[in-house]
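Subject: Structure for you to look at

Hello,

Here is the structure I promised to pass on. Please open it and keep it beside you while you read.

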Amino acid sequence: MAQAASVYPPLEERPTKETICLFDVDGTLTPARGDASPQMLQLLSVLRHKCAIGFVGGSDLVKQQEQLGTPQIPVTSLFDFCFSENGLTAFRLGQPLASQSFIGWLGEDKYKQLVNFCLRYISEIECPVKRGTFVEFRNGMINVSPIGRNCSLRERNDFEAYDKAHQIREKFVTALKEKFSDFDLTFSIGGQISFDVFPTGWDKTHCLQHIKGEKEISGVDYKTIHFFGDKTSRGGNDYEIYEDERTVGHSVRNPEDTMKELREMFDL
């Protein structure tokens, strides 16, 4: 995929130039917090010769680089559009676009109230194990994990099963909504071990402004925006963009399901 990066047609010369495929990362392009398979990357490369491609994920660019890129190949060269933190950190053809700051929007005092409440709540949660990094600050949001993001893969899988049985994250989100009802925040459960907190409207639909803005840059008007995601039910972090009237939503179960749909849709 990387070797062909320099020979992809310009956006305005793709065979289906008014179509773009956007992908969630965890559970859609990769296993949760795992790496994309060579087969997935090769399929995306072939697709990129037909239409524009991009990813939109809640994690920061560092994590997406680990999952989709390599030490020698920047992830921003493998997709036409890269939207980290729901598009609050954005790249177009390898070049950064304007970004926004969660803490700048919320303010330091309110931010401290929010984080202090989260840490107190986590201290009282009963779960099989607790590790480290319970609140991760990102440019456009915070990510909250009751078990801690430093858990191992086995601990991650165990917590996911425990959470399904005991609704740990769901109850946590309910408590936050009640406590901070006047903060105009959205709480979005995604992945296996955590949930995101961000200003209302800063969900994955935030990236669509950049997609629609392409018309002013290259003249390409994306009339068909396919979105593929695995957390598409209400409360999941793919729900808003999946349901958005500007997109054609595709709910997938795993990366293999994504590849199957792409092959069928685009005759790959």
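Below is what turned up, starting with the pockets and ending with the cores.

One caution before that: this is a predicted model.

**Pockets**

Start with the largest pocket. It holds about 400 Å³ of space. Its lining is made of 31 residues. To find its centre, look for D26, G190, G191, Q192 and N237, which lie nearest to it. Four elements each supply at least two lining residues: the helices α2 (61-68) and α5 (153-166), and the strands β8 (185-190) and β9 (194-199). By class, the lining has 13 polar, 12 charged and 6 nonpolar residues.

Now the second largest pocket. Its volume is about 320 Å³. Here 13 residues form the lining, and D163, K164, R169, E170 and I189 lie nearest the centre. Two elements, α5 and α6 (168-179), give two or more residues each. The most comes from α5, with 3 residues. In this lining, 7 residues are charged, 5 are polar and 1 is nonpolar.

**Helix α1**

Next, go to α1, residues 38-48. Which of its residues are buried? They are M40, L41, L43, L44, S45, L47 and R48. An α-helix has 3.6 residues a turn, so residues three or four places apart point the same way. Keep that in mind as you turn the helix on screen. What do the buried residues of α1 pack against? Their partners are the strands β1 (19-23) and β2 (52-56), along with the helices α2 and α10 (255-266).

**Nonpolar cores**

In soluble globular proteins, nonpolar side chains tend to be buried together. The largest nonpolar core in this model has 32 residues. Within it, L114 and L176 touch the most other members. The elements that give two or more residues to this core are α3 (102-106), α4 (108-123), β7 (142-144), α6, β8 and β9. The largest share is from α4, with 6 residues.

Take a closer look at L114. Leave aside its neighbours within four places in sequence. L114 is then in contact with F102, L106, I142, L176, F180, L185 and V197. Select those residues together and you will see part of the core around L114.

Apart from this core lies another one, of 24 residues. Its members include F23, V25, L29 and F228.

Best wishes

Technical notes: Residues are numbered from 1 along each chain as its sequence is written. This is a predicted model: local features need pLDDT of at least 70, side-chain atom pairs count only at pLDDT 80 or more; totals for chains, interfaces and linings use all residues. Side-chain values use heavy atoms; hydrogens and water are left out. On a 1 Å grid over the protein atoms alone, a cavity is a set of points where a 1.4 Å probe fits but cannot get out, and a pocket is an open set with protein on both sides within 12 Å along at least five of seven lines; lining residues have an atom within 4 Å of a point. Grid points are joined across faces, edges and corners, and a volume is the space filled by probe spheres set on the points. Ala, Val, Leu, Ile, Met, Phe, Trp, Tyr, Cys and Pro count as nonpolar, Asp, Glu, Lys and Arg as charged, and the others, Gly among them, as polar. Buried means under 20% relative accessible area, exposed over 50%, partly exposed in between (1.4 Å probe, protein chains only). Contact means heavy atoms within 4.5 Å. A nonpolar core is a set of buried Ala, Val, Leu, Ile, Met, Phe, Trp, Tyr and Cys residues joined through side-chain atoms within 4.5 Å.
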